[in-house]
Amino acid sequence: MILRSTLTSPFGRKVRMAAYVLNLNNIIELIPANTLDENDSLREQNPLGKMPCLILDDGTTLFDSRVIVEFLQSLVPETRLIPRAGLERYQALTLSCLCDGIADAALLMTYETRFREVDQVSERWLRHQRGKVERGLTSIEKSLPAPEITSISSISLACALGYLDWRKQVPWRDQYPVLVDWLTVFIAHEPAFDATANPELEIL
């Protein structure tokens, strides 16, 4: 299988972490994608031109990260990341979506300053996205997944926090010490976090 993504995408990292945990990483080849390149075949593989995108051996494509992780989970007999049924399953998926939303808002903050001239940057838009991040982190502090158990929720949260560490859109380490402690425990427990880090980036 081929994964179109980058080492810096929080959503691509989520998929790569899931593959690592499920012992599927050795059968997935990472091929970098450039979402801005009109000639990148990513736009043929995913009409939205978004990553991550998983290409199966028969050419079938799957996207986005939530769908891909569900598919990877289906390839192994044991339930490792996502409960198979019941309310527990949908609670886990909801919490994972909240974490993905945090990463998405942080990504939009990055794009706002990357693709606009300084005098065109909308502070109102940045505040809007920052509010999503801060409300999301505040909510998660009250319902944290167990850091010693690797799940769809814990992977999604770790990837969101890792992205915030890199781009620093919100000084979350100063504002959310409970999450700092959570991530420390998670990293100590789950080697997939360090295994999927971009070696060119400084990891705090």
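A nonpolar core is a set of buried Ala, Val, Leu, Ile, Met, Phe, Trp, Tyr and Cys residues joined through side-chain atoms within 4.5 Å. Buried means under 20% relative accessible area, exposed over 50%, and partly exposed in between (1.4 Å probe, protein chains only). This is a predicted model: local features need pLDDT of at least 70, side-chain atom pairs count only at pLDDT 80 or more, and totals for chains, interfaces and linings use all residues. Residues are numbered from 1 along each chain as its sequence is written, and side-chain values use heavy atoms, with hydrogens and water left out.

**Exercise 1. The core**

Find the residues that touch the most other members of the largest nonpolar core, then trace the elements behind them.

Step 1. The core holds 50 residues. Leu54, Leu72, Leu81, Leu137, Leu161, Leu164 and Trp172 touch the most other members.

Step 2. Assign elements. Helices (H or I, at least four residues) and strands (E, at least two) are DSSP runs, numbered from the N terminus. Two or more core residues come from each of helix 1 (10-21), helix 3 (65-74), helix 4 (86-114), helix 5 (123-141), helix 6 (152-167), helix 8 (177-189) and helix 9 (192-195). Helix 6 gives the most, nine residues.

Step 3. Zoom in on Leu137. Leaving aside neighbours within four places in sequence, Leu137 is in contact (heavy atoms within 4.5 Å) with Ile102, Leu161, Leu164, Trp172, Tyr176 and Leu179.

Step 4. Set this in context. In soluble globular proteins, nonpolar side chains tend to be buried together.

**Exercise 2. The salt bridges**

Which residues are linked with Asp100 in a network of salt bridges?

Step 1. Apply the rule: a side-chain nitrogen of Lys or Arg within 4 Å of a carboxyl oxygen of Asp or Glu. The count is six salt bridges.

Step 2. Take Asp100 and Lys14. Their side chains meet at 2.7 Å, N to O. Asp100 lies in helix 4 and Lys14 in helix 1, so the pair ties together parts 86 residues apart in sequence. Both Asp100 and Lys14 are buried.

Step 3. Add Arg66. Its side chain meets that of Asp100 in a salt bridge of 3.2 Å, N to O. Arg66 is in helix 3 and Asp100 in helix 4, 34 residues apart. Arg66 is partly exposed at 38% relative accessible area, whereas Asp100 is buried at 5%.

Step 4. Join the pairs. Lys14, Arg66 and Asp100 form a network of salt bridges.

Step 5. Check another pair. Arg89 and Glu70 form a salt bridge at 2.9 Å, N to O. Arg89 lies in helix 4 and Glu70 in helix 3, so this pair ties together parts 19 residues apart in sequence. Arg89 is buried, at 15% relative accessible area; Glu70 is partly exposed, at 30%.

**Exercise 3. The largest pocket**

Describe the lining of the largest pocket.

Step 1. Define it. On a 1 Å grid over the protein atoms alone, a pocket is an open set of points where a 1.4 Å probe fits, with protein on both sides within 12 Å along at least five of seven lines; lining residues have an atom within 4 Å of a point.

Step 2. The volume, the space filled by probe spheres set on the points, is about 770 Å³.

Step 3. Of the 30 lining residues, Phe11, Lys50, Met51, Leu107 and Tyr111 are closest to the centre.

Step 4. Helix 1, helix 3, helix 4 and helix 6 each give two or more lining residues. Helix 4 has the largest share, seven residues.
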